[in-house]
Amino acid sequence: GTLSGTITVDDGNGASCTITLPATSCILTTTVAGPVTLTASYSGDGNNLPSSASFVITGGVLQAATSTALTALPSPVIVGMPTQLTASVIQPGSVGVVLAGNVDFVAGAVAIPGCAAVPVVNGVALCDTSFTPAGERTLSANYLGDANNLPSSGSLQLMVNRVPTTTTLTVLPTSTSINGLVRLSVLVEGGVPPLSGTVSITANGVDVPECQNLTLTAGMTSCQYLALEINEFVLVATYSGDVDDDQSSGSANLSVFAVSVPVGGPWPTLLLALSLLLIAGRALPKD
C-alpha cells in the first residue's frame, strides 16, 4: 500500500530535520565541523515496519568561513589617549554555528601589550590600549578560529597625532627706552612630560638673535632682549614640538621709546659744567 509516516534525518551532533511522506527530502543544517554520519529513521505506519539507514559524509563537515572587521575609537587619536579596538567576527552564510575562539591584536608585526588571545564574546573582541610615539599605525586583528570556524583577519590604518601644547610668552618690562634690557620668559604647557624641543622668538617677524633655539627645563626657558630700535613690537615665541608633542606659539607686545631730554631748567647748566670739567681734565699737564 501507500507509505505514510515520517523520516527523521539526524547528523549525530544535535542537528536534524524531518520528512513527512510522501515528501522525500528535508534541509539539514549541520553546526559542528568534523566527521559526520547521517542517519535516516523511518517511523513506520499501520502497514509498514520502521527502518533506518546511514550515510557517512566523506571528509566530514568543513569549518565555517569567517570574516573579521577592525575598528578604533576614537580615530584618529593623540599620543597616550585611551583607545578601544573592536574586532567584529562574522560568519557569512552560516546559520547556528557557535562562534568562539580568540583574537590577537597587533601593530605592524608587534603584538599590542595586553591584547593577545582576547576571547570572542557574541562575535566581538575588545582591546583597550594607547599609542606612542606619534605616527601612522597599521593595526590588525587576527581571529584564530575554533573547531567550527576558520581563521580570518581585519586591518586598519590609525593616525596617532602629537599631543597639543600651549606656549605663553611674558615680557618684562612691557615698555622700555631704547637700549633697554628686556627679559623674555616662555612657558610651554600640555604635552607628554618631560617636554623636549626648542623655543625661538621673533620681533615683528625678524629673528631675535639672542633668543633662538632655547632649550626647555621643566617646560620653561628665558632670554634677554636688548631693545635697539624705537618701535612697537609683537614678539612671538614658537615651540618646535618633539616626537610626542605638537608645536605651538604665544605672543606679547613690547613698546620701545626714545629717551627725552628736558629743555631749560638745570640740565643745560649741568651739561655745561660736565663739559668744562672734561675739557679741564684734558688740559692738565701729564707726569
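**Exercise 1. Along strand 13 (residues 152-161), which side chains point to one face and are buried, and which point to the other and are not?**

Before we start: this is a predicted model, where local features need pLDDT of at least 70 and side-chain atom pairs count only at pLDDT 80 or more, while totals for chains, interfaces and linings use all residues. Residues are numbered from 1 along each chain as its sequence is written, and side-chain values use heavy atoms, with hydrogens and water left out.

Step 1: get the words straight. Strands (E, at least two residues) are DSSP runs, numbered from the N terminus. Buried means under 20% relative accessible area, exposed means over 50%, and partly exposed is in between (1.4 Å probe, protein chains only).

Step 2: recall the general pattern. In a regular strand, side chains alternate between the two faces of the sheet.

Step 3: sort the residues. S152, G154, L156, L158 and V160 share one face and are buried. S153, S155, Q157, M159 and N161 point to the other face and are not buried.

**Exercise 2. Find the strands that pair with strand 13: in which sense does strand 6 pair, and in which sense strand 12?**

Step 1: the rule is that two strands pair if DSSP finds at least two bridges between them.

Step 2: take strand 6 (residues 77-78). Its pairing with strand 13 is parallel, over two bridges, and I78 has N161 as its bridge partner.

Step 3: now strand 12 (residues 135-143). This one runs antiparallel to strand 13, over nine bridges, with R137 opposite L158.

**Exercise 3. How many disulfides does a search of the whole structure find?**

Step 1: look for pairs of cysteine sulfur atoms within 2.5 Å, since that is what a disulfide is here. The search turns up three.

Step 2: start with C17 and C26, whose sulfur atoms sit 1.9 Å apart. With 45° about the S-S bond, this link is right-handed. C17 is buried at 8%, but C26 is partly exposed at 28%.

Step 3: next, C115 is joined to C127 (S to S 1.9 Å). The torsion about their S-S bond is about 75°, so this disulfide is right-handed. C115 lies in the loop between strand 9 (110-111) and strand 10 (118-119), and C127 lies in strand 11 (residues 124-129), 12 residues apart.

Step 4: finally, C211 is joined to C223 (S to S 2.0 Å). C211 is buried, with a relative accessible area of 0%, and C223 is buried too, at 7%.

Step 5: number the bonded cysteines in sequence order, and the pairing reads 1-2, 3-4, 5-6.

How values were computed:
Helix = DSSP H or I, 4+ residues; strand = E, 2+ residues; numbered from the N terminus.
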